[in-house]
Amino acid sequence: MTRRHPVLLVSVATVVLAVLATLAIRHAARPTAAAGAVSSVSVAPGPRIIARSTAPGSRDHLISVSADRPGGRRLTSPVTCARVHASGGTALCLRLDGDLKTYELAVMDRHLKVRRTLPLVGVPNRARVSPSGRMVAWTVFVAGDSYNGGRFSTRAGILDTRTQRLVPTLEDWHVTLHGKPYTAVDLNIWGVTFASDDRHFYATLSTGGHRYLVRGDLAHRTLRALRANVECPSLSPDGSRIAFKSARDDQPSHGWRLSVLDVATNRVTPLAETRSVDDQAAWLDGRTVAYALPSGHGRADVWRVPADGSGTPRMLLHDADSPTALGGAN
């Protein structure tokens, strides 16, 4: 929202945000060289997985591996991002804006050539591209909202890469909660995931200390709440299921459990991963979801687990996060 505290609170929030940005920059600064040979990485549809490296020497560089042999040869791109996602031959890279201690989003083609950039006011948190590659969405952390007591809030935006229509925030859209129109100053929205029609999407809405799964309509600028305690949704390739994280005991301070929601039946299936997952999962195919878990010292690993609640979690990629399957999953 746009209301602000008096100057003192804004100043305090700005300082805190600057500290967070500085810490993020230390982990998102562009290294002078990547570990191993720098190669040409493509985000064209195919049997590959891309991700962001968290390994020393190649931190933040995009990497590509075979979907069939993710532990095999790893290609490393000179392109660096703080958060990345790709689909339909389009990549969305949230990154440092040159030598400035600020961020920008870069929309890239299948060869990672930049097509458009936009400044980001905040620290990158989530990125998503629609299955067709047309729509891109992002979430950043911001500070200074009066309702939030100086703590961090989120901003989510959407860009139509075909028409260049920009939606800088979703907070001024019409919201329906519990079947009734709803307005509040504390609306926060994050974690967009697109349907295949490039019109509808799902996201998380937070208000009054609770978090909800919402379905958005770009044509009518509406958000309709569907279910409580759903965060960071990720729609399956066929649009029938949503992978998400839910706060244990409805308290984010207790950690998050990864689950899958059946859109038609509203049935929730907890997945076999019992560790706390603070990530927006990505579908590798119609049967498996991937997600990142921190491994210490600013590093992370990507894990995978069956989407039907069976099996056990297995390592997919060492020293990586922001995984994307280029074979058509979202």
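**Exercise 1: the empty space**

How many cavities of 30 Å³ or more does the structure hold? Work out what surrounds the space, too.

*Solution.* Keep in mind that this is a predicted model.

- Step 1. Start with the count: the structure has one cavity of 30 Å³ or more.
- Step 2. Now the volume. The largest cavity encloses about 50 Å³ of space.
- Step 3. Look at the walls. Lining the largest cavity are Arg83, Val84, His85, Ala127, Arg128, Gln280, Ala282, Ser322, Pro323 and Thr324.
- Step 4. Sort that lining by class, and you get four nonpolar, four polar and two charged residues.
- Step 5. Trace the lining back to the strands: at least two residues each come from strand 4, strand 8 (123-129) and strand 26 (320-325).

**Exercise 2: the sulfur link**

Find out which two cysteines form a disulfide, and say which hand it has.

*Solution.* A quick reminder helps here: a disulfide is a covalent bond between the sulfur atoms of two cysteines.

- Step 1. Check the distance. The sulfur atoms of Cys81 and Cys93 are 2.0 Å apart, and the cut-off for a disulfide is 2.5 Å. That makes Cys81 and Cys93 a disulfide pair.
- Step 2. Count them up: the total is one disulfide.
- Step 3. Place the two ends. Cys81 sits in the loop between strand 3 (75-80) and strand 4 (83-87), while Cys93 belongs to strand 5 (residues 90-96), and the two are twelve residues apart.
- Step 4. Now the hand. The torsion about the S-S bond of Cys81 and Cys93 is about -120°, so this disulfide is left-handed.
- Step 5. Are these cysteines buried or exposed? Both Cys81 and Cys93 are buried.
- Step 6. Try another cysteine. Cys232 has 1% relative accessibility, so Cys232 counts as buried; the cut-off is under 20%.

**Exercise 3: a strand and its two partners**

Take strand 15 (residues 200-207) and describe how covered this strand is, then find what pairs with it.

*Solution.*

- Step 1. Count the buried residues: eight of the eight in strand 15 are buried.
- Step 2. Split strand 15 into its faces. One side carries His200, Tyr202, Thr204 and Ser206, the other Phe201, Ala203, Leu205 and Thr207, and all of these are buried.
- Step 3. Go to one neighbour. Strand 14 (residues 188-194) runs antiparallel to strand 15 and is joined to it by five bridges. For Asn188, the bridge partner in strand 15 is Ser206.
- Step 4. Look at the turn there. The hairpin of strand 14 and strand 15 has five residues between the strands, and Asp198 takes a positive phi near 60°.
- Step 5. Go to the other neighbour. Eight bridges link strand 15 with strand 16 (residues 210-217), again antiparallel. Here Tyr202 faces Arg215 of strand 16.
- Step 6. Check that turn as well. With two residues between strand 15 and strand 16, this hairpin has Gly208 at a positive phi near 60°.

**Exercise 4: sheet edges**

Which strands stand at the edges of the open sheet 22-23-24-25?

*Solution.*

- Step 1. Read the order: four strands, 22-23-24-25, make an open sheet with antiparallel pairing.
- Step 2. Pick the edges. Strand 22 (282-283) and strand 25 (314-317) have a single partner strand each, so one side of each has no neighbour in the sheet.
- Step 3. Zoom in on a pair. Strand 24 (residues 299-306) and strand 25 run antiparallel, joined by three bridges. Arg304 has Arg314 of strand 25 as its bridge partner.

Terms used:
Residues are numbered from 1 along each chain as its sequence is written. This is a predicted model: local features need pLDDT of at least 70, side-chain atom pairs count only at pLDDT 80 or more; totals for chains, interfaces and linings use all residues. Side-chain values use heavy atoms; hydrogens and water are left out. Buried means under 20% relative accessible area, exposed over 50%, partly exposed in between (1.4 Å probe, protein chains only). On a 1 Å grid over the protein atoms alone, a cavity is a set of points where a 1.4 Å probe fits but cannot get out, and a pocket is an open set with protein on both sides within 12 Å along at least five of seven lines; lining residues have an atom within 4 Å of a point. Grid points are joined across faces, edges and corners, and a volume is the space filled by probe spheres set on the points. Ala, Val, Leu, Ile, Met, Phe, Trp, Tyr, Cys and Pro count as nonpolar, Asp, Glu, Lys and Arg as charged, and the others, Gly among them, as polar. Two strands pair if DSSP finds at least two bridges between them.
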